[in-house]
Amino acid sequence: MSSPAERYAAARRRAAQASEFPALEEFTSDLGFDLDDFQRESCQALERGSGVLVCAPTGAGKTVVGEFAVHLALRGAPGRPAPAGGARRKCFYTTPIKALSNQKYHDLVDRYGAAQVGLLTGDNAINGDAPVVVMTTEVLRNMLYAGSATLDGLAYVVMDEVHYLADRFRGGVWEEVIIHLPASVTLVSLSATVSNAEEFADWLITVRGETTVVVSEHRPVPLWQHMLVGKRMFDLFHDAAAARKHDVHPELLRYTRDTMRRLDLGEGRSAGFGAGRRGPRWRGPLRPDIVDRLDREGLLPAILFIFSRAGCDAAVQQCLAAGLRLTSPEERAEIRRVVESRVTAIPGEDLSVLGYWEWLDGLERGLAAHHAGMLPAFKEVVEELFVRGLVKAVFATETLALGINMPARCVVLERLVKYNGEAHVDLTPGEYTQLTGRAGRRGIDVEGHAVVVWSPETDPRHVAGLASTRTYPLRSSFRPSYNMAVNLVGSVGAESARALLESSFAQFQADRSVVGLARQVQRNTETIEAYGVEAECHHGDFDEYFALRVAITDRERAIARQGQSQRRAAAVAALERLRVGDVIRVPSGRRAGLAVVLDPAAGGFSEPRPLVLTQDRWAGRISPGDFTTPAEVLARIRVPKHFNHRNPAARRDLAAQVSGTGLDRHSRRGARGRQSGEDHQLSQLRTELRRHPCHACPEREEHARWAERRRRLERDTEELRQRVAGRTGSLARTFDRIVALLTGRGYLAADGAVTDAGRMLGRIWTEADLLVAECLRRGVWDGLSPAELAAAVSVVVFEARRDVDERASLPRGAVAEAVDATLKLWSEIEAEEASRGLAVTREPDLGFAWPVYRWARGEALAKVLASGHELDGEMPAGDFVRWARQVVDLLGQLADSGGASTELRATARQAISAVNRGVLAYHSPA
């Protein structure tokens, strides 16, 4: 127990702090808990008038600092002049996603009352003139470019999850906001723990002025790491010291090695199921067993991350089938009450299509999925029930980790590999930290737990590396766009716009990296000189001799490439001659074997990619790259006139006909013969080589090794020099190219002024901004009905989750004509972008045209979802709602666009009304 003197001294310190930071003392008196050191330090810096960058782990309580900025704005910050007219000071609280904005809005309303707090997202606009407004970062960016009157009196901007500026799709918005905010605004940046916080802070100081950096790596709730191997749970580390040194628990290593050995010893024992490549196939613990195990050990509620939407839904069904029930009768009654109160606005016939009853059954048992394919209303219910402790186990994709406040006692990772839209990739340390950071609820749990499910592909030492790496670097994804260019030129002029771009974090990082590259160039140059000395030969000029060797190698490669080019041309010509019913042999690759042609797809300017059905029942398109020799027609069979290759039964019957031809699926043709005849240039070079004096040197090969090292280093050094030149002022050069393209197309005048077309482009907020502007200028969408307009504009916003070989079908008539005209405009833009060295605008995607067309015409949800161009069945409801809302957002921009005709603006408003119905019209109660 402290002495009276110590208690008196502590009281003196508290009194001194209260007098120095009265706003903080007032703020903390209502909190009900003591601030951590990093929270107190950040709030004190704010009250002194400094901007702050707060980096702390997930769940550490960073948002308290943002809430203090709200308190300062409402209170009126001391030491700061009041805005003109004595208006109240404002605070904008920005988040990267709408779900987090909605959540933060409700938190602040609970604290300050609905009259003081507003919400602005793409879906909601509530009390936008309030002194405190929660919004997505894009909304604030658009306000800044438009010079909105809502910015008057703005004193604080909180940027929650500011590390999101590394996001390659939307991260640039954060930098635009940071650069463009008035100097009078104090910036509060809240970030996950990043390893280059000081670098980011240095940039913030450069563009925003005084900024205090507060970094905390302390988790308020300790996190224990485990691995589940079969039915046994192991600690990943023996103790905290072992965790710091990445030393895996010896018992875990021993057990996994023994398990691997047992699997390897089973190799070749039987030809039964699972035998083959590695003995008995490993079967990990079943998902119901994992949940049951967590329940018995008191580790629920838990989030189980499965990086697949279908996997999350399947996991819930597996648990239901296993008879799991995690709730009491009282909890089940409360769950049903909450669900029924939240879905009353959704039509009954739509609920059946959405699998409502199966979903409710899972919820009542304490089980749920959470992923982007779900209806947003369903996801919100899952979030609410989980936070209230009524749902005990949620199977989720990684999108849940993007900031939604759903902490759990335990987090389970089923795999350490996820699909990123292009390929399956390993989780990064940052992603692992973000996911496992959900474990441990502050004020509820004494400790959190993270469990990785072991499989033969999972090395515990790799998991230890992920778990021990607490930080990851923040890398800018900022790139100039067409919309940004006209807005910048219009607001500050071309020269000042270049300067603003050069002040971005992206250029700041590029310029810093140049210093290291330049030092590397200098070191390489010195090494090249040393290698040159080693390569010297007393018989003659070895550089000259080595140049002959290089020339011979280059000529041999050129001859080989020429042969490959001729073979590819022959393969293309052979594919162009194919007709429906031709049976061919695919010589290599995963689809090797016999195949029948369903659609020759010849003609046009691109390579032929015939649609075929293999004897293994795979249907898809093949390309010249699949052929090492020209395709040869081996037989012909009859293909039914209206053959549907998506029908499994039809595929089976036709594949049987292919096999019934009796042809061998593998070619017996021998290897290709070598080219006859010697190349004259190659013969001449070899003769010169043999005559050179250095050819007779006994140390010739030793000299050649040093010369080869020097040559490689010279090539690497030249690449470094080009990178130095490319990074210095790289954003400004890209900006100049964009300005030149916009000037050529009439969006900017020759003197740099923004034209009427440019002002129209400056109000289009979409990835395909220039393409939308061109469609408006050319009248591509004029004369369409509301449903047709929704379908036509969908092609510039929609992007399929996975590539589909075939082009999606379109409603006939006006929609098809408008989309063809859009595609033609895109081709023009793409060609000009490529000629100027710019990143090309993404090709329009036709996959959402039918669903939104049918929905806008008033058709039923079941029919709409079934019309999606999906590889694996109908379109998920969550995807439909998300893309439909993006279509509505773009239609809203068209309705307000000065560059659109009066008729088109009216049609856009009608289309918005047609689309905003049923599941789209539903909003959670504010």
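Two strands count as paired here if DSSP finds at least two bridges between them, and helices (H or I, at least four residues) and strands (E, at least two) are DSSP runs numbered from the N terminus. This is a predicted model, so local features need pLDDT of at least 70 and side-chain atom pairs count only at pLDDT 80 or more, while totals for chains, interfaces and linings use all residues. Residues are numbered from 1 along each chain as its sequence is written, and side-chain values use heavy atoms, with hydrogens and water left out.

Let's start with the sheet. It's an open one of 8 strands, with mixed pairing, and the order reads E4-E3-E5-E2-E6-E7-E1-E8. E4 (125-126) and E8 (211-215) sit at the edges with a single partner strand each, so one side of each has no neighbour in the sheet. Further in, E2 (residues 90-95) runs parallel to E6 (residues 154-159), and 5 bridges link the two. Pick Tyr93 and you'll find Val158 of E6 as its bridge partner.

Two helices lie across this sheet, where contact means heavy atoms within 4.5 Å. Axes are lines fitted to C-alpha atoms, for helices over the stretch in contact, and angles run from 0 to 180 degrees between N-to-C directions. H4 (residues 63-75) crosses E1 (51-55), E2, E5 (132-136), E6 and E7 (186-191), at about 155° to E2. H6 (residues 137-146) lies across E2, E3 (117-120), E5 and E6, at about 105° to E5.

Now for a helix pair. H15 (residues 356-364) packs on H16 (residues 376-387) at about 10°, with the axes 12 Å apart. That makes the two roughly parallel (angles under 35 degrees; over 145 is roughly antiparallel, 65 to 115 roughly perpendicular, the rest oblique). Tyr356, Trp359 and Leu363 from H15 meet Phe378, Val381, Val382 and Leu385 from H16. This contact splits into 7 nonpolar residues, no polar and no charged (nonpolar: Ala, Val, Leu, Ile, Met, Phe, Trp, Tyr, Cys and Pro; charged: Asp, Glu, Lys and Arg; polar: the others, Gly among them).

Lastly, some backbone oddities. Most residues other than glycine have a negative phi, and most peptide bonds are trans. The Leu300 to Pro301 bond is cis, with omega near 5°, and Pro301 is in the loop between H11 (287-296) and E11 (302-305). Two non-glycine residues have positive phi; partly exposed means from 20% to 50% relative accessible area, with buried under 20% and exposed over 50% (1.4 Å probe, protein chains only).

| Residue | Phi | Loop | Relative accessible area |
|---|---|---|---|
| Asn127 | about 50° | between E4 and E5 | 33%, partly exposed |
| Arg617 | near 75° | between E20 (611-614) and E21 (619-621) | 46%, partly exposed |
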